[in-house]
Amino acid sequence: MAADLFKALADPTRRTILDELTEKSGQTLFEICSRLSMKHQLGISRQGVSQHLAVLEAAGLVEVRREGRYKFHDLNTAPLRQITERWPVSEQPEPSDPSGPEESAP
């Protein structure tokens, strides 16, 4: 699962799609394409966006739900939490400099 997640996050267009879903979850393909075109000046086809969404969905970062003939895309941050749980960041004090603070020369 981690390999799919890192692959999904490696692409800047996919990160932009995730940013858009962070701002407004539950978007259709048309809405996502429109926002990418207007806000980010990305000239990417609907098919291209759909392929990016498929990679994000395979990584678990996007969940798709159907309502009638529409598909809505929702952000799922659970896989990102799995990364932080796997490699937790511990609060460590900053190493002190034994020579003291640097003084700038005039």
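Start by selecting Val62 and Leu75: Leu75, in strand 2, is the bridge partner of Val62. Keep in mind as you click around that this is a predicted model.

**The hairpin**

Now widen the selection to residues 62-67, which form strand 1, and residues 70-75, which form strand 2; the two pair in the antiparallel sense over 6 bridges. Move to the turn, where 2 residues lie between the strands. Click on Gly68 there, and you will find a positive phi near 65°.

**The whole chain**

Zoom out and colour by secondary structure. You should see 5 helices and 2 strands, arranged along the sequence as α-α-α-α-β-β-α. If you colour by accessibility instead, 29% of the 106 residues count as buried. For a contact map, take the contacts with a separation of 6 or more: 51% of them join residues 24 or more positions apart.

**A loop residue that meets strand 2**

Next, select Thr28, in the loop between helix 2 and helix 3. Is Thr28 buried or exposed? Its relative accessibility is 13%, so Thr28 counts as buried, the cut-off being under 20%. Show the surroundings of Thr28 and, leaving out residues up to four places away in sequence, you will find that it touches Tyr70, Lys71, Phe72 and His73. Draw a C-alpha to C-alpha distance from Thr28 to His73: it reads 6.2 Å, for two residues 45 apart in sequence.

**Into the core**

Stay with His73 and pick out Ile32, since the two are in contact. Beyond its neighbours within four places in sequence, Ile32 also contacts Ile17, Leu21, Gln27, Val49 and Leu53. Ile32 belongs to the largest nonpolar core, a group of 15 residues. Ile17, Ile32, Val49, Leu53, Leu56, Leu61 and Val62 have the most contacts inside this core, so Val62 from your opening selection turns up again. Helix 1 (2-10), helix 2 (12-23), helix 3 (29-40) and helix 4 (46-58) each give two or more residues to the core. Which helix gives the largest share? That is helix 3, with 4 residues.

**Helix 2 against helix 3**

Finally, show helix 2 and helix 3 with their axes. The axes come within 11 Å and cross at roughly 105°, which means that helix 2 is roughly perpendicular to helix 3. To see the contact, select Thr16, Ile17, Glu20, Leu21 and Glu23 in helix 2, which meet Ile32, Arg35, Leu36, Lys39 and His40 in helix 3. Colour these residues by type and they divide into 4 nonpolar, 2 polar and 4 charged.

Notes: Residues numbered from 1 in each chain as written. Predicted model: local features only at pLDDT ≥ 70, side-chain atom pairs only at ≥ 80, totals over all residues. Heavy atoms only, no water. Core = buried A, V, L, I, M, F, W, Y, C linked by side-chain atoms within 4.5 Å. Buried < 20%, exposed > 50% of the residue type's maximum accessible area, 1.4 Å probe, protein only. Contact = heavy atoms within 4.5 Å. Axes fitted to C-alpha atoms, helices over the stretch in contact; angles between N-to-C directions. Parallel < 35°, antiparallel > 145°, perpendicular 65-115°, else oblique. Nonpolar A, V, L, I, M, F, W, Y, C, P; charged D, E, K, R; others polar. Pairing = 2+ DSSP bridges.
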